[in-house]
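I sat down with this one to see how the chain packs. My notes are below, in the order I looked things up.

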Amino acid sequence: MPSPAPLYEHVKRYLTDRITTGEFGPGEKLPSESEIVQTLSVSRMTANRALRELALEGVIVRVQGVGSFVNEPKTKASILEVRDIHDMVLERHGVHRRKLVLAQEEALYGEIADLFGREAGSAVSHVLVAHFDRDTPLQLERRFVLSEFAPGLLSLDFERRSIFDYLQAIAPVSELEHIVEASRPDEIEREELHLGRDSPVLRIRRRTWVGSSVVTLSYFSHPCDTYRVVARVKAGQSEPDFGNIRVAG
């Protein structure tokens with residue numbers, strides 16, 4: 001094998017390449033440590049480390065005494081960027097589908113008004129959309145958008161057009177805030193995400209600014225077994241502020 005990468009990295013690449021191309025699909029059993037040792041001429045320790053790291057990264061599942069299996073793919077999102085779930089589903093070769101749950105104009109109130117930094121009574125568009133990969137629920141998207149910022153929002157065909165794309169076309173985001181929490185689902189989350197009463201749900205609260213004004217407040221809820229939040233920075237860049245990430249009991 002070529003250098004200078006460590007041997008276990010080559011073993012990982014050998015396996016992930018075959019998973020990516022579909023040679024080993026979700027739920028399929030991977031070659032055993034002994035088979036990897038024989039095929040790639042590496043030590044058992046090297047094969048074990050490669051499989052162990054792939055398990056820690058969520059790529060495979062290891063069952064003691066049985067073997068290693070390809071994990072079901074999870075939708076991944078970075079807390080450092082703003083992306084549409086439609087694009088993330090396509091990246092994992094899924095089939096994205098939207099379902100409109102609610103779309104109406106409301107007056108700001110209570111905590112929602114405080115998060116916008118506005119007086120109660122200001123008009124907002126309140127939209128609730130469920131997202132699926134085929135028939136598997138992935139996300140419940142709840143958005144509050146200042147009506148003065150996006151006056152035509154409620155006229156969208158929400159099951160065919162992305163709210164994300166529509167808002168991005170109005171004005172680019174100048175600042176955003178993400179807060180991530182895990183909790184029990186509320187009634188709407190249980191119904192739309194097909195969750196049990198005590199099944200955990202992962203919520204991301206996002207505020208976006210254009211200039212000095214908060215223009216959108218969004219809540220994205222996900223089943224914890226189908227979604228993963230990722231933070232990645234390049235050397236020399238500021239690290240993400242993980243102080244804003246909290247886990248609710």
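These entries go from the whole chain to the cores, then to two helices and a few single residues.

**Entry 1: the whole chain**

First reminder to myself: this is a predicted model. I counted up the secondary structure and got seven helices and ten strands. The protein chain has 249 residues, and 43% of them are buried. I also looked at how far along the sequence the contacts reach. Among contacts with a separation of 6 or more, 59% are between residues 24 or more positions apart.

**Entry 2: the nonpolar cores**

Which residues have the most contacts inside the largest nonpolar core? I found Phe116, Phe149 and Leu153, in a core of 24 residues. Next I asked which elements give two or more residues to this core. The list is helix 5 (110-116), strand 5 (123-133), strand 6 (136-146), helix 6 (163-170) and strand 9. Helix 5 gives the largest share, four residues.

I then pulled up Phe149 by itself. Leaving out residues up to four places away in sequence, Phe149 touches Leu167, Ile170, Ala171, Val210 and Val215.

There is also a second, separate core, with 15 residues, among them Tyr8, Leu15, Val42 and Ala50. Background note: nonpolar side chains in soluble globular proteins tend to be buried together.

**Entry 3: helix 6**

I went through helix 6 for buried positions and noted Ile163, Phe164, Tyr166 and Leu167. Why do they end up on the same side of helix 6? They span an arc of only 165° around the axis, so they share one side of the helix. I checked what they pack against, and it is strand 5, strand 6 and strand 9. At the start of helix 6, I saw a side-chain oxygen of Ser162 reaching to within 3.1 Å of the backbone nitrogen of Phe164.

**Entry 4: helix 2**

I did the same for helix 2 (residues 33-40), where the buried residues are Glu33, Ile36 and Leu40. Their arc around the axis is only 60°, which puts them on the same side of helix 2. Their cover includes helix 1 (7-20), helix 3 (44-56) and strand 1 (60-63). On the face turned away from that buried side I found Gln38 and Thr39, both exposed. I also checked what comes just after helix 2: Ser41 has a positive phi of about 55°.

**Entry 5: Ala113**

I picked Ala113 in helix 5. Buried or exposed? Its relative accessible area is 3%; the cut-off for buried is under 20%, so Ala113 is buried. Not counting residues up to four places away in sequence, Ala113 touches Leu108, Arg118, Glu119 and Ala120. I also took the C-alpha distance from Ala113 to Val124, which is 9.8 Å with the two residues eleven apart along the chain.

**Entry 6: His131**

His131 is in strand 5. With a relative accessibility of 2%, His131 counts as buried. Which side chain makes a polar contact with the side chain of His131? I found Glu141, at 2.6 Å. Setting aside neighbours within four places in sequence, the contacts of His131 include Ile85, His96, Arg97, Arg98 and Thr136. Pro137, Leu138, Gln139 and Glu141 are also in contact with His131.

**Entry 7: Ser218**

I moved on to strand 9 (residues 213-223), where Ser218 lies. Ser218 has 0% relative accessibility, so I logged Ser218 as buried. The side chains of Ser218 and Arg143 are joined by a polar contact of 3.3 Å. Beyond residues up to four places away in sequence, I listed Arg142, Arg143, Ile204, Arg205 and Arg206 as touching Ser218.

**Entry 8: rings and charges**

How many aromatic pairs does the structure hold? The count came back as zero. I then checked for charges over rings. The charged end of Arg49 sits over the ring of Tyr8, 3.8 Å from its centre. Tyr8 also turns up in the second core. Arg97 lies over the face of Phe132, 4.2 Å from the ring centre. I had already met Arg97 among the contacts of His131.

Key
Residues are numbered from 1 along each chain as its sequence is written. This is a predicted model: local features need pLDDT of at least 70, side-chain atom pairs count only at pLDDT 80 or more; totals for chains, interfaces and linings use all residues. Side-chain values use heavy atoms; hydrogens and water are left out. Buried means under 20% relative accessible area, exposed over 50%, partly exposed in between (1.4 Å probe, protein chains only). A polar contact is a pair of N or O atoms within 3.5 Å; within protein, one must be able to donate a hydrogen and the other to accept it, and residues adjacent in sequence count only if both atoms are side-chain atoms. Contact means heavy atoms within 4.5 Å. Rings of Phe, Tyr and Trp (its six-membered ring) pair if their centres lie within 6.5 Å; planes under 30 degrees apart count as stacked, over 60 as edge-to-face and the rest as tilted. A charge sits over a ring if NZ of Lys or CZ of Arg is within 6 Å of the ring centre and within 35 degrees of the ring normal. A nonpolar core is a set of buried Ala, Val, Leu, Ile, Met, Phe, Trp, Tyr and Cys residues joined through side-chain atoms within 4.5 Å. The arc is that of the directions from the helix axis to the C-beta atoms.
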